[in-house]
Amino acid sequence: MDVSTKGIVLTATDYKENDKLISLYSLEYGKITVHAKGIRKGNAKLKFAADQFCFGQYELSKLDDFFTLKTCDQLESFYALREDVMTYYSACTVAECLSNYTEEGQSEPNIFIETLKAFSSLTDGVEPLLVTLRYLLEFLRIQGLELQFDSCVSCGSKPSKYFLDLQRGGIVCDLCRAADSLPISLRAVAACKMVDSMPYDKLKNLNFTLEVLKDSLHVVYRYISHGFSPLKSLNELLRL
Ligand SMILES: [Zn+2]
């Protein structure tokens, strides 16, 4: 059966002599693996369709859960995401989220749209740490793992010293914190609250220091790493 879907390339790996297996995040089918035959030959016209972060309209043939590339109409190359190291690791963090934490074959249009918005913001030159923070907070919300920053998730008080409770996914006060709760600065909490749900086109008006953004992302990193496999790209991004 022939099918058509919008998709974003997460990764592509060499396969057989001239082929690639593309991990594609698609609008209609969620994360899928696409067999691109002959795409590594010198004269292959569809080489671009396996480039990391390529966004295109993919025409595929589908047999059960196996997809084979027929053709692709590129909608946006997002090439700029590969030109700057911070931007690159930010885009890789987004791609790794989709690779690690979404189910194969499950369409989640909200996540697809968020991903396109994040890539567009990065291409427009918005601070990569800010875009990453915005994306991860929304990604967690869509997955039902929203972080709570308003008041202590245990007793409801407005604490003077903040900690992040890794089990409960929110801030806690000094009295309610567990042994493994992480201290989190007031400025990082304020940044997370402000960035959370803010439209992407408004992000460029925010002016946080890199230190505050890294503190905020570190907390999100620890929270995600507590429940899932750690995001290697985010770890790299925080070390830059
Ligand atoms: Zn409390």
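This is a short talk through the two domains of this structure, the barrel in it, and a pair of helices.

Okay, hi everyone. Before anything else: what we have here is a predicted model. Let's start with the overall layout. The domain assignment splits the protein into domain 1, residues 2-77, and domain 2, residues 82-239. Their centres, taken over C-alpha atoms, are 29 Å apart.

So how many residues of each domain are in contact with the other? On the domain 1 side there are 15, and they meet 17 residues of domain 2. Strand 1 (2-15), strand 2 (19-26) and strand 3 (30-36) each put at least two residues into the side of domain 1 that touches domain 2. If you sort that side by class, you get eight nonpolar, four polar and three charged residues.

Now, the barrel. Five strands close into it, and going around, the order is 1-2-3-5-4, with mixed pairing. Neighbouring strands in this sheet are turned against each other by 50° on average, ignoring direction.

Let's walk through some of the pairs. Strand 2 runs antiparallel to strand 3, with seven bridges between them. If you want a spot to click on, take leucine 24, whose bridge partner in strand 3 is isoleucine 32. Sitting on the sheet is helix 1, residues 85-101, which touches strand 1, strand 2 and strand 3. The direction of helix 1 makes about 100° with that of strand 1.

Over to strand 4, residues 55-63. It pairs with strand 1, antiparallel again, over seven bridges, and here lysine 6 is found opposite glutamine 57. Strand 4 also pairs with strand 5, residues 66-76, in the antiparallel sense, this time over nine bridges. Those two strands make a hairpin with two residues between them. Which residue in the turn has a positive phi? That's aspartate 64, at about 50°. Right by the turn, leucine 63 stands opposite phenylalanine 66.

Last stop: back to helix 1, together with helix 6, residues 232-239. Their axes come within 8 Å and cross at roughly 155°. An angle over 145 degrees counts as roughly antiparallel, so that is what we call helix 1 and helix 6. The crossing is left-handed. Helix 1 brings Met86, Tyr89, Ser90, Cys92, Thr93 and Glu96 to the contact, while helix 6 brings Lys232, Ser233, Leu234, Glu236 and Leu237. By class, the residues of this contact come out as five nonpolar, three polar and three charged.

That's it from me, thanks for listening.

Note on methods
Residues are numbered from 1 along each chain as its sequence is written. This is a predicted model: local features need pLDDT of at least 70, side-chain atom pairs count only at pLDDT 80 or more; totals for chains, interfaces and linings use all residues. Domain bounds come from an automatic or database domain assignment. Two residues are in contact if their C-beta atoms, placed from the backbone, lie within 7 Å. Helices (H or I, at least four residues) and strands (E, at least two) are DSSP runs, numbered from the N terminus. Ala, Val, Leu, Ile, Met, Phe, Trp, Tyr, Cys and Pro count as nonpolar, Asp, Glu, Lys and Arg as charged, and the others, Gly among them, as polar. Two strands pair if DSSP finds at least two bridges between them. Axes are lines fitted to C-alpha atoms, for helices over the stretch in contact, and angles run from 0 to 180 degrees between N-to-C directions. Angles under 35 degrees count as roughly parallel, over 145 as roughly antiparallel, 65 to 115 as roughly perpendicular and the rest as oblique. A crossing is left-handed if the near helix is turned anticlockwise from the far one by less than a right angle, and right-handed if clockwise.
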